[in-house]
Amino acid sequence: MSASGVLGGLEPTLIWERFSELARIPRPPKEEEKAREHVLAWAAERGFPSEVDDAGNVVVRVPSSHGREHAPTVVLQAHLDMVCERDPGSPYDPREGRINVVLDGDWVLAEGTTLGADNGIGVAAAMAVAEDAEIVHGPLELLFTVSEEQGLDGAKALDPELVSGRLLLNLDGTSDNALTIGCAGSTHTFVRVPLPLQAPPAGHVTLEIALSGAHGGHSGGDIARGRVNAIKALCRVLSRAFAQAPFGLARLDGGVSRNAIPRESRAVVALAPEAEPAVREAAERELAAIREQYASSDDGLSLSIDASEPQDVADEVATSRALDLAATIPSGVVAMSADVPGKVETSTSMNVATTKAGVLTLASMTRSSNAPALDDVVITIEAAARLAGADVEIVRSYPPWRPDLDSELLGAARATFTRLFGTEPGLEIVHGGLECAVIGDKLPGVRMISLGPEIVGPHAPGERLSVSGTQRFYRLLGALLDDLSR
């Protein structure tokens with residue numbers, strides 16, 4: 001059944017209709033053309049003027065409700081792209097716009113893939129508000145950015161002349177019980193270690209060793225869950241096997257997104273045929289240890305070792321150096337916050353491994369709400385690279401978004417929330433990137449908060465969106481726009 005059929009009976013109708021439409025549109029980072037065309041066509045049909053900047057970001061200008069013409073302009077901001085992950089063998093693929101939406105009680109999810117509620121539900125909410133006759137609001141600017149899931153690149157390239165409003169509601173939150181008021185900053189590191197390749201010795205066998213079944217998840221929001229990193233785990237397996245019977249490494253690849261904990265990784269190695277039994281035994285033994293270590297978080301891990309076509313390989317010295325480097329680069333929680341109990345302050349995640357033209361690249365994303373602590377982790381990665389004779393590229397992505405507890409916008413949002421729901425909202429600083437960190441530098445004087453419905457497990461298959469949470473989020477958004485326009 002189509003997404004519209006599955007979600008057709010849900011209220012409020014408009015937000016689910018718009019979300020159902022987006023679920024049928026492919027929109028991976030850097031490939032949002034069809035989603036942008038969809039939004040522009042929707043705006044044109046309703047007579048809303050729109051503009052697109054050179055980066056592909058879209059703004060749609062929505063006139064105020066009658067009597068609210070003199071209210072300040074509010075920017076509703078969401079990103080068009082989504083993380084496109086799928087289970088191996090799934091017939092569905094978000095990259096092709098094939099998402100099988102399922103309704104399970106209070107939860108909307110996708111069979112075998114990511115759902116794209118991050119941030120499709122934010123886009124849908126902005127569109128729905130603009131055409132909902134029951135919501136009273138002042139002038140609106142709907143700002144739809146691109147490539148958020150790949151380094152916030154759309155926000156970084158945003159033409160500030162596109163946006164006039166200085167009250168901004170980011171609709172990329174993941175909890176209907178809280179308002180987000182800050183986020184961690186991040187830095188990307190790309191460690192490149194040479195793998196000088198040559199033909200393997202005559203008679204050697206070539207094997208592909210693959211680890212799969214890791215739970216994955218958001219490399220910021222889920223990092224404290226202690227889930228296995230498939231790249232790190234496979235390198236651990238390879239290191240133990242190498243210690244028993246050295247081999248040559250042809251390639252190592254894993255992970256699909258800078259923002260996602262890798263769920264799969266694979267390597268190709270060449271070794272003497274008499275060493276194969278020892279390699280297999282050591283690999284299976286180490287997999288058993290990893291399964292025991294991560295039994296509570298990743299109970300579906302599996303390892304395959306299959307014959308492969310011969311490839312040029314690095315020698316044993318270069319192989320050992322690469323595996324030691326992968327083991328040395330940190331990945332996981334580095335420090336918990338001393339100011340906000342139970343929250344991660346600093347983390348780093350090795351998210352992508354690629355091998356091309358004899359160079360192994362290990363890409364990591366380090367996050368922290370403490371700028372010196374973030375720099376300290378990057379220094380550690382640099383040191384590991386130097387010891388391995390590797391090059392390292394450092395890309396400063398975005399600074400922390402620092403909370404403004406005295407903001408009038410935050411005060412209004414807290415008052416609206418308390419009036420609607422009879423309790424104070426939680427205030428959160430998220431351990432992940434929000435475009436507010438970048439947009440705040442682009443728009444002088446802008447005041448910002450982030451809100452959204454409850455989303456569990458974004459960036460991995462199993463991502464779930466709460467129906468009741470979406471209803472609360474939409475109700476809060478409508479009431480807040482009314483209050484801000486008075």
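The buried residues of helix 10 (buried meaning under 20% relative accessible area with a 1.4 Å probe, protein chains only) pack against strand 7 (167-170), strand 8 (178-183), strand 20, strand 21 (447-450) and helix 12 (467-484); contact here means heavy atoms within 4.5 Å. Helices (H or I, at least four residues) and strands (E, at least two) are DSSP runs, numbered from the N terminus. This is a predicted model, where local features need pLDDT of at least 70, side-chain atom pairs count only at pLDDT 80 or more, and totals for chains, interfaces and linings use all residues. Residues are numbered from 1 along each chain as its sequence is written, and side-chain values use heavy atoms, leaving out hydrogens and water.

Which residues of helix 10 are buried? They are Leu409, Leu410, Ala413, Thr416, Phe417, Leu420 and Phe421. Seen down the helix axis, the buried residues fall within an arc of 130 degrees (taken from the directions from the axis to the C-beta atoms), so they line one face of helix 10. Glu408 and Arg419, both exposed (over 50%), sit on the face turned away from the buried side.

Now to the pockets. On a 1 Å grid over the protein atoms alone, a pocket is an open set of points where a 1.4 Å probe fits, with protein on both sides within 12 Å along at least five of seven lines; lining residues have an atom within 4 Å of a point. A volume is the space filled by probe spheres set on the points, which are joined across faces, edges and corners.

| Pocket | Volume | Lining |
|---|---|---|
| Largest pocket | about 810 Å³ | 38 residues |
| Second largest pocket | about 550 Å³ | 28 residues |

Strand 20 (426-430) gives the largest share of the lining of the largest pocket, three residues.
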